[in-house]
Amino acid sequence: MTYALRKLGLFLLTLWAAVTLNFALPRMMPGSPADAAIARLAQNGPVNEATRAAVEAQLGIPDGNLLEQYIAYLGQVLRLDFGVSYTFYPEPVSGLVAGALPYTLVLVGAVTVLAFVVGTLLGVLAAWRRGSWADALPTVSGSFMNTFPYFWTALLLLFFLGYVFNLFPTSGAYSPTGTPSLSLAFVGDALYHAALPAVTMFLTSLGGWIIGMRNAMITTLGEDYVTFAEANGLRGRTVALRYAARNAILPNLTGFGLALGGVVGGSILVEQVFGYPGIGFLLFNAVIGQDYPLMQALFLMITVSVLVANLIVDLLYGALDPRTRR
Amino acid sequence: MSQNTNQAPTSTSVGTAAGSDIDGPGARRSGARALRTIWGNRKARAGLIILGVFLVVAALAPLLAPYAPTDNSFERNADASAAHWLGTTAAGEDVLSQLIYGSRISVLVGFGAGGLATVIAVLVGLSWGYVSGWIGEVINFIVNLFLVIPGLPLMIVIATYLSDGGISVIIAVIAITGWAWGARVLRSQTTSLRSRDFVTAARFSGERPGRIVFREILPNMTSIIAGGFFGSATAAILAEAGLEFLGLGDSTLVTWGTMLYWAQNSNALLVGQWALLFAPGLCISLFATSLTLINFGVDGISNPRLREGSTGR
């Protein structure tokens, strides 16, 4: 119980630090969001003081000293009030985020789970059949895929399957004629549009799971209890799965938890290449449009999801492996 | 796969922290031996040769490139020809020349950011492993914070704020977001080394802690630090390409990342300018692959257990 409480305390402390970092970042940087917005206005003509004050008021630029700003900011975060977006003015940031979240959650979430399951199984197989082609093929191709810039893989798939062979749509989450609903036709259309980004993310993340599982598995295969199980004449598959894999999977589970936390952040580059309207694409647009409120809210949300995933993994880990509860 | 099949740790290599690399002071000879071990590994040798080619190309770019990288006086979107081996861009620049000059930034960022991240990791990791008490707890918290905060979004946010900083900002941002994992690995090595006999001996002979950490302990971790460096450099090259591709770097520079950015911007896909899309990505992959291959050799001389670090993400 003290283990769980300590983890929870550390989580709250980290959460506070992350929220504070998000507050401090824009204030540590040269220039202010209002300056950026006014600079854009200034391209159309000179900006006088009154306009400047009006812009600042409209964008909700904080006033008061740093401490007052910080307290006001904490209150806003608690109320999930992140102000209005600059690029999609006057849409509130929270609405934009809520609109993009489902696409990312479904797409990246499904791919992450699938890649983890397939990759881990391949890793078990590779370690168990060490030295054979079942080891060489996934290990070599996996470590090679890991060095590909994954937006490049995305561009290649887009080029061949999208443009050359016209097999898949090249951007968007559904056909321009469709309206989001839970009808069979719309879901099919959405899956069709999600196929290319899904394949990209699956291919580029698979290698990590394979290699991680293989290496951990090889370590456990050298342990005495595995040798003992083999000497007792248990079947190979039983030894591999019940004895070795069960213990070797712990590091991969940690990675899986973190990857699930990363789901909310989406896959920024992949979503950008495929024009897929999820969180990553929204962040990209916020960045291009210097939409600071949107950018800050997205960064905070992505960070918090990773922190929460981390906490859950820590607690699970403590339950699964008593040795960590020191 | 002969190298990898040897990765199963025997009971001795699990027990000793860094395998054969540990032999106390006098690490220079073990350094030479380490180099021989790396060169003896087939994969690592291939990696060193590829890396060497990239280094030569980057160093001799003005001599090797047929044109200036920003010379846009040529026909636009031209196909490959004798004058332009890889065709020209939408702005009328020679793709091959851009590719050759682009290697300079990737080499610079890979070694610059990778090196900077490694230096931070060494400084933090070793001090952290040696201190105890509340200072250790504070460092622990800071390292954890940097480990958990998602790197790419943080990188993007910082790069946006510092949009006019150029390549040095990119290097700094990548280093700031990339040192924590290395620090953690080095710390665990330090804690296991600090109780060794030669460290105890140094302590009893009245050496200062700073000298013990950086003169006695550090030389025994060269393989781990080298491995960490190649890992950081690979990550840095990919991160730089990603940031430039998003248009967050200095898009007036000629780099492999900005080449892809302009390729995407000018719809190189649709006008059939295939080389502009394929070549920079292939170079990034090859460069990153060469560093990964060298790491196979470095892994061979350090603890196989460390390879667990290459999970997920």
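Is A:Asp189 buried or exposed, and what is its relative accessible area? Select that residue and let the tour begin there. A:Asp189 has a relative accessible area of 16%, and because the cut-off for buried is under 20%, this residue counts as buried. Keep in mind throughout that you are looking at a predicted model.

**Stop 1: around A:Asp189**

Colour helix H8 of chain A, residues 184–221, and you will find A:Asp189 in it. Now show what A:Asp189 touches, leaving out residues up to four places away in sequence: A:Ala173, A:Tyr174 and A:Ser175.

**Stop 2: chain A as a whole**

Zoom out and show chain A as a cartoon. You should see 13 helices and 0 strands, so the run of elements from the N terminus is α-α-α-α-α-α-α-α-α-α-α-α-α. Along the principal axes, the C-alpha atoms of chain A fill a box of roughly 85 × 60 × 40 Å. Of the 326 residues in this chain, 48% are buried. If you draw the contacts in chain A between residues at least 6 apart in sequence, 74% of them join residues at least 24 apart.

Before leaving chain A, select A:Phe23, A:Tyr70 and A:Tyr73 and show their side chains. Ring pairs link these residues into a cluster.

**Stop 3: chain B as a whole**

Switch the cartoon to chain B. Here there are 15 helices and 0 strands. Chain B has 313 residues, and 52% of them count as buried. For contacts in chain B between residues at least 6 apart in sequence, the share joining residues at least 24 apart is 71%.

**Stop 4: B:Tyr101 and its surroundings**

Next, pick B:Tyr101, which is found in helix H6 of chain B. B:Tyr101 counts as buried, at 19% relative accessibility; the cut-off is under 20%. Which residues is B:Tyr101 in contact with, leaving aside neighbours within four places in sequence? Add them to your selection: B:Ala61, B:Pro62, B:Ala65, B:Tyr67, B:Pro69 and B:Val254. For one of these, B:Ala61, draw a distance line between C-alpha atoms. B:Ala61 and B:Tyr101 are 40 residues apart along the chain, yet their C-alpha atoms are separated by 5.6 Å.

**Stop 5: aromatic pairs in chain B**

Over all chains, the count of aromatic pairs comes to 19. One of them is B:Phe111 with B:Phe229: the ring centres are 5.6 Å apart and the planes stand at 55 degrees, so the pair is tilted. Follow the backbone from each ring and you will see that this pair links distant parts of the chain, with B:Phe111 in helix H6 (residues 95–130) and B:Phe229 in helix H13 (residues 222–245), 118 residues apart. Turn on a surface to compare the partners: B:Phe111 is partly exposed, with a relative accessible area of 29%, whereas B:Phe229 counts as buried at 17% relative accessibility.

Now move to B:Trp256 and B:Phe287. Their ring centres lie 6.3 Å apart with the planes at 90 degrees, so this pair is edge-to-face. This pair, too, links distant parts of the chain: B:Trp256 is in helix H14 (residues 256–265) and B:Phe287 in helix H15 (residues 274–301), 31 residues apart. B:Trp256 counts as buried at 1% relative accessibility, and B:Phe287 counts as buried at 0%.

One more ring deserves a click. Select B:Tyr130 together with B:Arg194: the arginine lies over the face of B:Tyr130, at 5.3 Å from the ring centre.

**Stop 6: where the chains meet**

Finally, bring both chains back into view and highlight the interface. You will be selecting 48 residues of chain B in contact with 60 residues of chain A. The area buried between the chains is about 4900 Å², and carbon and sulfur atoms give 78% of that area. How many salt bridges does the rule find across this interface? The answer is 0, while the count of residue pairs in polar contact, with both at pLDDT 80 or more, is 1.

To see which elements line the chain B side, colour helix H1 (2–5), helix H7 (134–148), helix H8 (151–161), H13, H14 and H15 of chain B; each supplies at least two residues of the side that touches chain A. End on H15 of chain B, which gives the largest share of that side, 10 residues. You have met this helix already, since B:Phe287 is in H15.

Definitions and conventions. Residues numbered from 1 in each chain as written. Chains lettered and ligands numbered in written order. Predicted model: local features only at pLDDT ≥ 70, side-chain atom pairs only at ≥ 80, totals over all residues. Heavy atoms only, no water. Phe/Tyr/Trp six-rings, centres within 6.5 Å; stacked < 30°, edge-to-face > 60°. Helix = DSSP H or I, 4+ residues; strand = E, 2+ residues; numbered from the N terminus. Buried < 20%, exposed > 50% of the residue type's maximum accessible area, 1.4 Å probe, protein only. Lys NZ or Arg CZ within 6 Å of the ring centre and 35° of its normal. Contact = heavy atoms within 4.5 Å. Buried area = accessible area lost by both parts, 1.4 Å probe. Salt bridge = Lys/Arg side-chain N within 4 Å of Asp/Glu carboxyl O. Polar contact = N/O pair within 3.5 Å; in protein donor to acceptor, adjacent residues only side chain to side chain.
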